[in-house]
Amino acid sequence: MGCTSAKINEPLSQRLRQKASEIFKKLDIKGNGTIDKEGTEQFWKSNFAKLNTEALFEAVDFDKSGDITEEEWMAFWEIVKENGYSEEEINLELDELMDGKAWVQFKRVDRFLKIDEKRRGSRVKSIVQEEKKKLSIIQPARLQKSKTMQSEGHDMQQENQQES
């Protein structure tokens, strides 16, 4: 994947954030808010599952905990964008992932991460923290929307029973 002249200072578009979030949920096999190696191996099945899983965790599990949080996942895609990959390139990559295709190595991101490890003030840690803040704002809104939809469904069910 080559780099194009992306607008580096712009964050990921809302459309790409949504797509990345959908893939995170797909990889979160257990539904516990993290991606684990067992789940990713199930996701990739026989498509070089172990190799893809190792590459994914090497790139995205910033704290080396063995699990990838949603904050780390979203921070990774922001770092991809920040390192010169265009929205179109990221979109194509997310589409490939959605279809269960192989994990791609982002060479510019790999270099960025190696340099960041040696920095006194880690840029990666600050990006993960920014994502934590964004997601803490988004999650309650999603939860409220879900509750509202459930409530509306329950109300409609009650109305249908009363009409019968």
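**Packing of helix 1 against helix 4**

The protein chain holds seven helices and two strands, taken as DSSP runs numbered from the N terminus (H or I of at least four residues for helices, E of at least two for strands). The model is predicted, so local features need pLDDT of at least 70 and side-chain atom pairs count only at pLDDT 80 or more, while totals for chains, interfaces and linings use all residues. Residues are numbered from 1 along each chain as its sequence is written, and side-chain values use heavy atoms, without hydrogens or water.

Along the sequence, the elements follow the pattern α-β-α-α-β-α-α-α-α. Of the 164 residues in the protein chain, 38% are buried (under 20% relative accessible area, 1.4 Å probe, protein chains only).

Helix 1 covers residues 14-27 and helix 4 residues 70-82. The two pack at an angle of about 140°, with their axes 10 Å apart. Axes are lines fitted to C-alpha atoms over the stretch in contact, and angles run from 0 to 180 degrees between N-to-C directions. That makes helix 1 oblique to helix 4 (neither under 35 degrees, nor over 145, nor 65 to 115).

On the helix 1 side, the contact involves R17, A20, S21, I23, F24 and L27. These meet E70, W73, M74, W77 and E78 of helix 4, with contact meaning heavy atoms within 4.5 Å. By class, seven of the contact residues are nonpolar, one is polar and three are charged.

Burial was also assessed along helix 1. Its buried residues are L16, R17, K19, A20, S21, I23, F24 and L27.

Definitions and conventions
Ala, Val, Leu, Ile, Met, Phe, Trp, Tyr, Cys and Pro count as nonpolar, Asp, Glu, Lys and Arg as charged, and the others, Gly among them, as polar. Buried means under 20% relative accessible area, exposed over 50%, partly exposed in between (1.4 Å probe, protein chains only).
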